[in-house]
Amino acid sequence: MKDDDFSGIMEGIEDATAFVQGEQARARVVAGPDIKALRKRIKMTQAKFAKTYHLPLGTVKDWEQGRRQPDAPARALLTVIEDDPEAVQKALGTG
């Protein structure tokens with residue numbers, strides 16, 4: 001294992017430990033796009049949005065209701081959908 005990799009792992013462990021101990025200032029939270037606003041802008045129901053973009057319906061609901069946050073790959077997909085929903089539909093064969 002490279003020293004940089006080990007250092008990154010240790011920083012992650014330290015951040016997680018600090019968060020559990022109440023030091024939330026060390027936690028890194030990356031906000032994703034407002035899924036509900038995005039979905040409404042492109043005039044889709046939750047079910048249609050999930051089906052069109054190959055996402056589990058429960059996941060879309062959890063994101064919108066704040067129970068979960070999109071991970072990095074999902075944030076990337078949502079950012080591209082936000083920029084050009086028709087292109088993503090075309091790429092996925094759903095539009």
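What share of the 95 residues in the protein chain is buried? I looked it up: buried residues come to 26%, with buried meaning under 20% relative accessible area (1.4 Å probe, protein chains only).

A note to self on the source. This is a predicted model, where local features need pLDDT of at least 70, side-chain atom pairs need 80 or more, and totals for chains, interfaces and linings use all residues. Residues are numbered from 1 along each chain, and side-chain values use heavy atoms, without hydrogens and water.

Next, the fold. I found six helices and zero strands in the protein chain; helices are DSSP runs of H or I with at least four residues, strands are E runs of at least two, and numbering starts at the N terminus.

Then the overall dimensions. The radius of gyration of the protein chain is 17 Å, while a compact globule of 95 residues would have one near 12 Å. That radius is taken over C-alpha atoms, and the globule rule is 2.2 Å times the number of residues to the power 0.38. The C-alpha trace spans about 45 × 30 × 20 Å along its principal axes.

Last, I picked one residue, Gln89, which sits in helix H6 (residues 85–92). Gln89 counts as buried because its relative accessibility is 15%. Leaving aside neighbours within four places in sequence, I see Gln89 in contact (heavy atoms within 4.5 Å) with Met44, Thr52, Tyr53, Thr94 and Gly95. The side chains of Gln89 and Tyr53 also share a polar contact of 2.8 Å. For that term I noted a pair of N or O atoms within 3.5 Å, where within protein one must be able to donate a hydrogen and the other to accept it, and residues adjacent in sequence count only if both atoms are side-chain atoms.

Definitions and conventions
Buried < 20%, exposed > 50% of the residue type's maximum accessible area, 1.4 Å probe, protein only.
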